[in-house]
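This report covers the sheet, the helix packed on it, a loop with several histidines, and the cysteines.

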Amino acid sequence: TRRSSDLVKLAHHGSKNNVSRELIGSVDCGRYLFSSNGRIFHHPDPVAVSRVVVDKSDCELLFNYRTEYTEIWESSRLQRRFRYTATYPENSDGGLLVDL
């Protein structure tokens, strides 16, 4: 069953083992939140983020930290090719306010 949502917070900080194509395909949503500072497990995994951008065109990726693991998604070339946008916090302390 497909479910519609304003925002999906991805499980386990964007672990590739917990973000499957089946999960992404089962949700009707255009905004995906990756909540991780990357310190311990280096999340979000690029594979997990790729599953979102490949299967959900015109989506928004929201990252609550700007890190070496999230900055790759800021690439304008990738954003044009896969038709997504990336949103980051305004300051380096992290945190993101999301209007629903």
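## The sheet

In this predicted model, an open sheet is built from 4 strands in the order β2-β4-β5-β6, with parallel pairing. The edge positions belong to β2 (8-9) and β6 (84-87); each has a single partner strand, so one side of each is left without a neighbour in the sheet.

The pairing can be followed across the sheet strand by strand. From β2 to β4 there are 2 bridges, and these strands run parallel; here V8 has Y32 in β4 as its bridge partner. Between β4 and β5 there are 4 bridges, again in a parallel arrangement, and F34 is partnered by F63 of β5. Strand β5 (residues 59-63) is joined to β6 by 4 bridges, and the two run parallel. In that pairing, the bridge partner of C59 is Y84 in β6.

## Helix α2 on the sheet

Helix α2 (residues 46-55) packs on the sheet and touches β4 (31-34), β5 and β6. The direction of α2 makes about 155° with that of β5.

Which residues of α2 are buried? They include A48, V49, V52 and V53. Viewed down the axis of α2, the buried residues fall within an arc of 130°, so they line one face of the helix. The spacing fits a general rule: an α-helix has 3.6 residues a turn, so residues three or four places apart point the same way. On the other side of α2, P46 and V54 are exposed.

The cover over the buried residues of α2 comes from both strands and helices: it includes α1 (21-25), β4, β5, α3 (76-82) and β6. Strands β4, β5 and β6, which α2 touches as it packs on the sheet, are thus also part of the cover over its buried residues.

## The loop between β4 and α2

The loop between β4 and α2 holds H42, H43 and P44. The peptide bond that joins H43 and P44 is cis, with omega at about 5°. H42 has a positive phi of about 60°, although it is not a glycine.

Is H43 buried or exposed? With a relative accessibility of 11%, H43 counts as buried, the cut-off for that class being under 20%. Leaving aside residues up to four places away in sequence, H43 touches H12, H13, G14, S15, S36, G38 and Y69. The side chain of H43 also reaches the backbone oxygen of H12 at 3.4 Å.

H42, by contrast, is partly exposed, with a relative accessible area of 41%. The side chain of H42 makes a polar contact with the side chain of Y69 at 2.3 Å. Y69 is also among the residues that H43 touches. From H42 to Q79 the distance is 22 Å, C-alpha to C-alpha, and the two residues are 37 places apart in sequence.

## The loop between β2 and α1

H13, one of the residues that H43 touches, is placed in the loop between β2 and α1. Its phi is near 65°, a positive value in a residue other than glycine. H42 likewise has a positive phi, of about 60°. At 39% relative accessibility, H13 counts as partly exposed.

## Cysteines

How many disulfides does the structure hold? There are 0 disulfides. C29 is in no disulfide, and the nearest cysteine sulfur to that of C29 belongs to C59, 8.9 Å away. C59 is likewise in no disulfide; its nearest cysteine sulfur is that of C29, at 8.9 Å. A disulfide would need the two sulfur atoms to be within 2.5 Å.

Both cysteines are buried: C29 has a relative accessible area of 8%, and C59 has one of 3%. C59 also takes part in the sheet, where Y84 in β6 is its bridge partner.

Key
Residues are numbered from 1 along each chain as its sequence is written. This is a predicted model: local features need pLDDT of at least 70, side-chain atom pairs count only at pLDDT 80 or more; totals for chains, interfaces and linings use all residues. Side-chain values use heavy atoms; hydrogens and water are left out. Buried means under 20% relative accessible area, exposed over 50%, partly exposed in between (1.4 Å probe, protein chains only). Two strands pair if DSSP finds at least two bridges between them. Contact means heavy atoms within 4.5 Å. Axes are lines fitted to C-alpha atoms, for helices over the stretch in contact, and angles run from 0 to 180 degrees between N-to-C directions. A polar contact is a pair of N or O atoms within 3.5 Å; within protein, one must be able to donate a hydrogen and the other to accept it, and residues adjacent in sequence count only if both atoms are side-chain atoms. The arc is that of the directions from the helix axis to the C-beta atoms.
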